[in-house]
Amino acid sequence: MSASAPVGASTREAGVPDPHAAPVVAVIGNPNTGKSTLFNALTGLKQKTANYPGVTVERHTGRIDLGGREVCLVDLPGTYSLAARSPDEMVAIDVLLGHVEDLAPPRAVLVVVDATNLRRNLFLATQLAELGLPLVIALNMLDVATDAGVEIDVAALAPRLDCAVVPVVATSGEGLAQLRTALAAAIAQPPRARLVVLPEVHRAALDLSTRLTAAGHNLSAYEVERALIDAGGIAERRFEYATSAEFLAELVELRMRLSTGSSLAAIEARSRYDLINGIVTAVERRAPPRVTLREHLDRITNHPVVGSLLFVLVMATVFQAVFSWATPLMDLIDTATTTLGEAARAVLPPGAITSLLVDGAIAGVGSVVIFLPQILILFAFIILLEDTGYMPRVAFLIDRVMRLCGLSGQSFIPMLSSFACAVPGIMATRVIPERRDRLATILAAPFMTCSARLPVYALLIGAFIPDQRYLGGTVNLQGLVLLTLYLLGIFAGVFTAFVMKRTALRGPTPTFLIELPPYRLPNWRSVLLRLLERGRVFLVRAGTVIFSVAVVIWALAYFPRPDAASERFDTERARAEATLSGDALGEELRRIDDAEGAAHLEGSYLGRLGKAVAPVFAPLGWDWKVSAAVIAGFPAREVVVAVLGTIYAVGADTNETDVALIGQLRAATWPDGRPVYTLPMALGMLVFYAFCLQCVATIVMIRRETNSWGWAGFAWIYMTGMGYAGALLVFQLGS
């Protein structure tokens, strides 16, 4: 997207809304006000997630019944003001102004306000009052405010804001019935009188907007007013994009005249806070501050030493859960997939259709679903840590380390998530407001050693790294190699972010300001709803891609299938059945099946492709079999082990600890008798998998989050090129 066309820029009128469509209510509030919890409490399972047109910002919508009428709630990104500086904030303004093409303009706005921070939250609320839309304020976290000795006179607050004010506790559901009633009444109201904080600026914006309309430029008076006040912001960039150089010069001159040498943003802030202070003084009473349990917890978690140790303990628990707790469920899914495939194969006649169903469809679905336990466990921890208020403290704690590579503490959580799977890690970059830092984090995240690399690591380390022990047997060489691979991935990710932030994504390291919300118990219903939504997003968006590519790889590995090859193995089966019986017969038939699978794979399009590209990988010490396995592993790295099992006639149902497969790898030779799998070759292959981007779901997720196939292609070329160069260096030096 060009710099002159700001995110979400639109110069058109919103389309005429369908009179029969459900009226829209925009839900907005500051971060950490419980907005998402309230949204989930109101809508339940009647939610949908999609992207806003043209931008990688998610749109959460939900349906709610108000007095027998269905209403659409739109959960807008959290923001502190309408002075947009990020794509999320610009999207919020677009929705409020009716500029989103497939969404009707809102009939009312639900503002979620933190009762413990009334003064700060009213800054956004008074800005929303300038839009002229009916407002309903949900005064949330009253239980926390009461504990802190804060009392708010709701009856006195409502007339001062000229809107309905409903006290609620989103976590318990208290006040939701009254909130529904207030929303139903607000939808039926006509537009309200606009609040005007800076009358002279407002009149100037109206005049300029009228002349813009006469000149054929379509910007509302509110957008012109924001462009006047927010110098250098997205509103001014939109004004520049939608009008002309003459009008932009007039805007700058008008701003200088109105500000009289000061800043209109500072003038607005002073005027707005004068209004807010008068309201707060009249309606809020605070008891003398006292030390609470939350403050004691803050002292512990923010302590440089104690907080760091606690962080390491929490992260160790998360990793233990992701890698250990998920194993039984993953084994169960694997067993279920295998059983279903065998059952289908038993009742269906042999042939391409059966193989497509079993080896393509069932195996493809299984390769997606098997990662769901890890995804859900990881996101469950992240959601719980976010909802309790601990996650912002972690980001603050780790910020100093992240700044060494040009990033901020906000990049830590996405990179941490990528140790389980890069897909949710890349999804988690949405919390980073600055586009350059978001892109740098996206490019660094896939280097983290995800669980899909572990089968390849385990196979090659177990087969070719000696089981030597040091320091009385407490230190294992194989474990040291695995640790080195993890550290190699971390170093590559940090190096990538460092280089990108000083070249293509050059820019200042962002000032990291983060609000530390109070510690609170999570709302389990909201946690469950968000967890189900994350799982659905993974299955639908990443899963469909993995499944599609898995079917393509199946076709490459299955076709062509000459009858002559099958007839030879049928003859061997008939001979075995005539001469053998019992266990010996079963063992011989399995051997023949594995040999047939290997022969068919060698003659398939995949085998031919492996032989065609073998010269490219020959400098790494790879033969055509290794090349074919790497190509087949493009959808997901973990299938490499199964492909190697088929190629070496051990069986596709093998795993990384299979003694037969390890033996075949050790015995594999070139035509002249030289071993294929030497120690330098195996180490080079480990380095290749530490760096390369062998995961189509990650590539698609990069494309989705950057809205560009260019960045996705760059990531694949860059990471695979780094893997190739690393493997080449290790093999050539080692040989």
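How many Å² does the accessible surface of the chain come to, and what percentage of that belongs to carbon and sulfur atoms? With the whole chain on screen as a surface, you are looking at about 32,400 Å², of which 63% belongs to carbon and sulfur atoms. Keep in mind throughout that this is a predicted model.

**Stop 1: the whole chain**

Switch to a cartoon view. You should find 31 helices and eleven strands. Colour by burial next: of the 735 residues, 52% count as buried. If you like contact maps, consider contacts between residues at least 6 apart in sequence: 74% of them join residues at least 24 apart.

**Stop 2: strands β5 and β6**

Select residues 135-140, which make up strand β6. Six of the six residues here are buried, so the strand is largely enclosed by the rest of the structure. Now show the side chains. In a regular strand, side chains alternate between the two faces of the sheet. On one side of β6 you will see Leu 135, Ile 137 and Leu 139, on the other Val 136, Ala 138 and Asn 140, and both faces are covered.

Add residues 108-114, strand β5, which runs parallel to β6 and is joined to it by six bridges. To line the two up, pick Leu 110 in the viewer; Val 136 of β6 stands opposite.

**Stop 3: strands β1 and β4**

Here is another parallel pair: β1 (residues 24-29) and β4, joined by four bridges. Strand β4 spans residues 69-75 and is mostly covered, with five of its seven residues buried. Select Ala 26 and Val 74 together to see them opposite each other.

**Stop 4: the nonpolar cores**

Which residues have the most contacts inside the largest nonpolar core? Select Met 315, Phe 412, Trp 622, Tyr 677, Met 681 and Tyr 689; the core they belong to has 112 residues. Then highlight helix α15, residues 372-388, which gives the most to this core, with ten residues. A second, separate core has 49 residues, and among them are Ala 26, Ala 129, Leu 135 and Leu 157. You have met two of these names already: Ala 26 opposite Val 74, and Leu 135 on one side of β6.

Back in the largest core, zoom in on Met 681. Setting aside neighbours within four places in sequence, Met 681 is in contact with Leu 620, Gly 621, Trp 622, Val 626, Val 676 and Phe 731.

**Stop 5: around Pro 619**

Pro 619 sits in the loop between α25 (605-617) and α26 (624-632). With a relative accessible area of 30%, Pro 619 is partly exposed. Not counting residues up to four places away in sequence, Pro 619 touches Tyr 724, Leu 728, Phe 731 and Gln 732. Phe 731 is also among the contacts of Met 681. For a distance check, draw a line from the C-alpha of Pro 619 to that of Leu 729: these residues are 110 apart in sequence and 9.6 Å apart in space.

**Stop 6: a buried arginine**

Is Arg 453 buried or exposed? Select it in the loop between α19 (435-444) and α20 (454-464). At 0% relative accessibility, Arg 453 counts as buried. Beyond its neighbours within four places in sequence, its contacts include Arg 637, Tyr 689, Cys 692 and Met 719, as well as Phe 447 and Phe 691. Phe 447 and Phe 691 also belong to one aromatic cluster with Trp 711, Phe 714 and Tyr 718.

**Stop 7: aromatic pairs and charges over rings**

The structure holds 14 aromatic pairs. Start with Phe 123 and Tyr 273, a tilted pair at 5.3 Å centre to centre, with 40° between the planes. Phe 123 lies in helix α3 and Tyr 273 in helix α11, so the pair ties together parts 150 residues apart in sequence. Phe 123 counts as buried at 12% relative accessibility, while Tyr 273 is partly exposed at 30%.

Then visit Phe 491 and Phe 495, which are stacked: 6.1 Å centre to centre and 20° between the planes. Being four residues apart in helix α21 (residues 477-500), they are separated by about one helical turn. Phe 491 counts as exposed at 55% relative accessibility, and Phe 495 as partly exposed at 40%.

Finish with two charges. The charged end of Arg 568 sits over the ring of Phe 569, 4.3 Å from its centre. Lys 611 lies over the face of Trp 624, at 5.0 Å from the ring centre.

Notes. Residues numbered from 1 in each chain as written. Predicted model: local features only at pLDDT ≥ 70, side-chain atom pairs only at ≥ 80, totals over all residues. Heavy atoms only, no water. Buried < 20%, exposed > 50% of the residue type's maximum accessible area, 1.4 Å probe, protein only. Contact = heavy atoms within 4.5 Å. Pairing = 2+ DSSP bridges. Core = buried A, V, L, I, M, F, W, Y, C linked by side-chain atoms within 4.5 Å. Phe/Tyr/Trp six-rings, centres within 6.5 Å; stacked < 30°, edge-to-face > 60°. Lys NZ or Arg CZ within 6 Å of the ring centre and 35° of its normal. Areas by Shrake-Rupley, 256 points an atom, 1.4 Å probe, with all protein chains shown as cover.
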